[in-house]
Amino acid sequence: MANWRATVLTLFPEMFPGPLGMSLAGKGLASGIWSLEAANIRAQAVDKHGTVDDTPAGGGPGLIMKADVLARAIDAVATDDRPRLLMSPRGTPLTQARVAALAKGSGVLVVCGRYEGIDERVIAARQLEEVSIGDYVLSGGEIAAMALIDACVRLLPGVMGKEASGAEESFANGLLEYPQYTRPAAFEGRTIPEVLTGGDHAKVKAWRLAEAERLTRERRPDLWQAYLA
Ligand code: SAM
């Protein structure tokens, strides 16, 4: 079976595998469907203090991760042609389509920023692709990297199992997912829509599509317009 490889460059390697070691992703990791290496950027510092950052050129608050240290850290692990991603609020927003494309490849190399970010020059020098997980600012790239890796590994063959192919999930067909229910038949006076318990598969399918369309139209006009187009 293909071994999808995730290499994470971070100042906090002890944060990994963290949640990626649990549940379906964790089982896939343990069984060798995918592998994870968390490399410490600080190991590439050259001075005895292990310095990885410095003050911003031009002034301003915070610290910037040094280009030379980060470049060495990337060079130590970038031994193949996997995409080199930099988690960054400035990056291209991550989508399910991009996740699916990454999951089809051989893996990812992910750089996690900290502090005020990283020296711009290393982004160009090591051809890092900036990827954002949303329009908000985290204190570091590790949680963003975990989100990206988790979204990818659940799509790897053998990770989700037959019960969840992902084919009908939110975003898979450009729509949000329809509402889901399970037993008990009544919960605090609320019942399951009759169509779902009637046994008519064609009606169930039509109801689910109509609900997926309604939710997408109401909640995500951007996705709805793209779906119509
Ligand atoms: N000064 C930066 C800015 O304004 O764009 C923010 C730096 S943030 C405090 C530190 C690190 O967290 C970033 O370098 C990045 O790796 C990560 N990060 C923060 N928000 C993120 C997001 N929405 N998506 C991906 N990574 C993010």
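Student: Which residues come nearest to the ligand?
Tutor: Start with the shell, the residues with a heavy atom within 4 Å of the ligand. In this predicted model, the shell holds 19 residues. Met87, Gly113, Glu116, Gly134 and Tyr136 come nearest.

Student: How many of the shell residues are nonpolar, polar or charged?
Tutor: The shell has 9 nonpolar, 8 polar and 2 charged residues.

Student: Which polar backbone atoms lie close to the ligand's nitrogen atoms, within the 3.5 Å limit?
Tutor: Look for N or O pairs within 3.5 Å. A polar backbone atom of Glu116 is 2.9 Å from a ligand nitrogen. For a backbone N or O atom of Leu138, the distance to a ligand nitrogen is 3.0 Å. For a polar backbone atom of Ile133, it is 3.1 Å.

Student: How much of the ligand's accessible area does the protein cover?
Tutor: On its own, the ligand has 590 Å² of accessible area, and the protein covers 83% of that.

Student: Where does the ligand sit?
Tutor: In the largest pocket. Strands E5 (84-93) and E7 (129-132) each give two or more residues to the ligand's shell. E5 gives the most, 3 residues.

Student: What is the volume of the largest pocket, and what lines it?
Tutor: Its volume is about 480 Å³. Of its 26 lining residues, Met87, Ser88, Pro89, Glu116 and Gly117 are closest to the centre. E5 supplies the largest share of this lining, 5 residues.

Student: What about the second largest pocket?
Tutor: It holds about 380 Å³ of space. The 17 lining residues include Leu94, Thr95, Gln96, Phe171 and Arg220, the closest to its centre. Helix H3 gives the most to this lining, 3 residues.

Key:
Residues numbered from 1 in each chain as written. Predicted model: local features only at pLDDT ≥ 70, side-chain atom pairs only at ≥ 80, totals over all residues. Heavy atoms only, no water. Polar contact = N/O pair within 3.5 Å; in protein donor to acceptor, adjacent residues only side chain to side chain. Areas by Shrake-Rupley, 256 points an atom, 1.4 Å probe, with all protein chains shown as cover. 1 Å grid on protein atoms, 1.4 Å probe; cavity = no way out; pocket = protein on both sides within 12 Å on 5 of 7 lines; lining within 4 Å. Sits in = over half its atoms within 2 Å of the grid points. Helix = DSSP H or I, 4+ residues; strand = E, 2+ residues; numbered from the N terminus. Nonpolar A, V, L, I, M, F, W, Y, C, P; charged D, E, K, R; others polar. Points joined across faces, edges and corners; volume = space filled by probe spheres on them.
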